[in-house]
Amino acid sequence: MAVFARTFTGNFAVMEAELIALREGLDFAARHNFQLEAAEVDSLSIVQDLESNFTFSPLAELLHDVSSFIHTICQAPCQYIPREGNCVAHELASVSFSLSNSFWTNCIPFFLSPHNRGDLIQ
């Protein structure tokens, strides 16, 4: 298990921000030689875009980067999981504004621990 948070500055459209977050997470996993079952996202649009021919998309470069990482380190294609299905990832995204370039491996960060935030892990 690993948790990764990185701060970006700028104005991003929602889809662009989601793809940047996915790309950075997959890059983190690749740099640490993680092999993943699958990448899970709460955006059905991203999964559909990755399954399509995205050559002419304005986000083609990001989609290509994500697709390359998925084919390299994931055993399965990117999967759609509704936000309610992964409340820990949603909480990490919510608190990431107060974190700067942090990561944890083989532990759950204190603020995400079920002992401290029992409402997050069901």
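In this report, helices are DSSP runs of H or I with at least four residues, strands are DSSP runs of E with at least two, and both are numbered from the N terminus.

With that settled, let's start with Asn33, which sits in the loop between α1 and β2. Keep in mind that you're looking at a predicted model. Asn33 isn't a glycine, and yet its phi is positive, at about 60 degrees. That positive phi comes just after α1. Is Asn33 buried or exposed? Asn33 has a relative accessible area of 68%, and anything over 50% counts as exposed, so Asn33 is exposed.

## The whole chain

Now for the bigger picture. The protein chain has 4 helices and 4 strands. Reading from the N terminus, the elements come in the order β-α-β-α-α-β-α-β. Of the 122 residues in the protein chain, 29% are buried. How do contacts spread along the sequence? Take the contacts between residues at least 6 apart in sequence: 72% of them join residues at least 24 apart.

How far does the predictor trust its own model? The mean pLDDT of the protein chain is 79, and 68% of the residues reach 70 or more. Which element has the highest confidence, and which the lowest? Helix α3 is at the top with a mean of 95, while strand β4 (residues 102-105) is at the bottom with a mean of 56. There's also a stretch, residues 114-122, where the pLDDT is below 50. Even so, this stretch has 13 contacts in the model beyond near neighbours in sequence.

## Helix α1 and its crossing with α2

Helix α1 covers residues 14-31. It has 18 residues, which should span 26 Å at 1.5 Å a residue, and the end C-alpha atoms are indeed 26 Å apart. The buried residues of α1 are Leu19, Ile20, Leu22, Arg23, Glu24, Leu26, Phe28 and Ala29.

How do α1 and α2 sit relative to each other? The two helices pack at an angle of about 70 degrees, and their axes are 10 Å apart. Angles of 65 to 115 degrees count as roughly perpendicular, so that's what α1 and α2 are to each other. On the α1 side, the contact is made by Met15, Glu18, Leu19 and Leu22; on the α2 side, by Ser45, Ile46 and Asp49. Sorted by type, the residues of this contact are 4 nonpolar, 1 polar and 2 charged.

Two of those α1 residues turn up again around Ser43. This serine lies in the loop between β2 (40-41) and α2. Setting aside neighbours within four places in sequence, Ser43 is in contact with Met15, Glu18 and Tyr80.

## Helix α3

Next up is α3, which runs over residues 60-73. It has 14 residues and reaches 20 Å from first C-alpha to last, close to the 20 Å expected at 1.5 Å a residue. Its buried residues are Ala60, Leu62, Leu63, Val66, Ser67, Ile70 and Ile73. What do they pack against? The buried residues of α3 pack against α1 and α2. One of them, Ser67, is in contact with Leu50 and Phe54, leaving aside neighbours within four places in sequence.

## Pairs far apart in sequence

Here are two pairs worth finding in the viewer. Glu24 and Phe69 are 45 residues apart in sequence, and their C-alpha atoms are 9.9 Å apart in space. Ala5 and Gly25 are 20 residues apart along the chain, with 8.4 Å between their C-alpha atoms.

## Five residues side by side

The table gathers the residues picked out above, with their places and accessibility.

| Residue | Place | Relative accessible area | State |
|---|---|---|---|
| Ala5 | strand β1 (residues 2-5) | 4% | buried |
| Glu24 | helix α1 | 8% | buried |
| Ser43 | loop between β2 and α2 | 13% | buried |
| Ser67 | helix α3 | 14% | buried |
| Asn33 | loop between α1 and β2 | 68% | exposed |

Why do Ser43 and Ser67 count as buried? The cut-off for buried is under 20% relative accessible area. Ser43 has 13%, so it counts as buried, and Ser67 has 14%, so it counts as buried too. Glu24 is a charged residue by type, and with 8% it's buried as well.

Definitions and conventions: Residues numbered from 1 in each chain as written. Predicted model: local features only at pLDDT ≥ 70, side-chain atom pairs only at ≥ 80, totals over all residues. Heavy atoms only, no water. Expected span 1.5 Å × (residues − 1). Buried < 20%, exposed > 50% of the residue type's maximum accessible area, 1.4 Å probe, protein only. Contact = heavy atoms within 4.5 Å. pLDDT = per-residue confidence, 0-100. Axes fitted to C-alpha atoms, helices over the stretch in contact; angles between N-to-C directions. Parallel < 35°, antiparallel > 145°, perpendicular 65-115°, else oblique.
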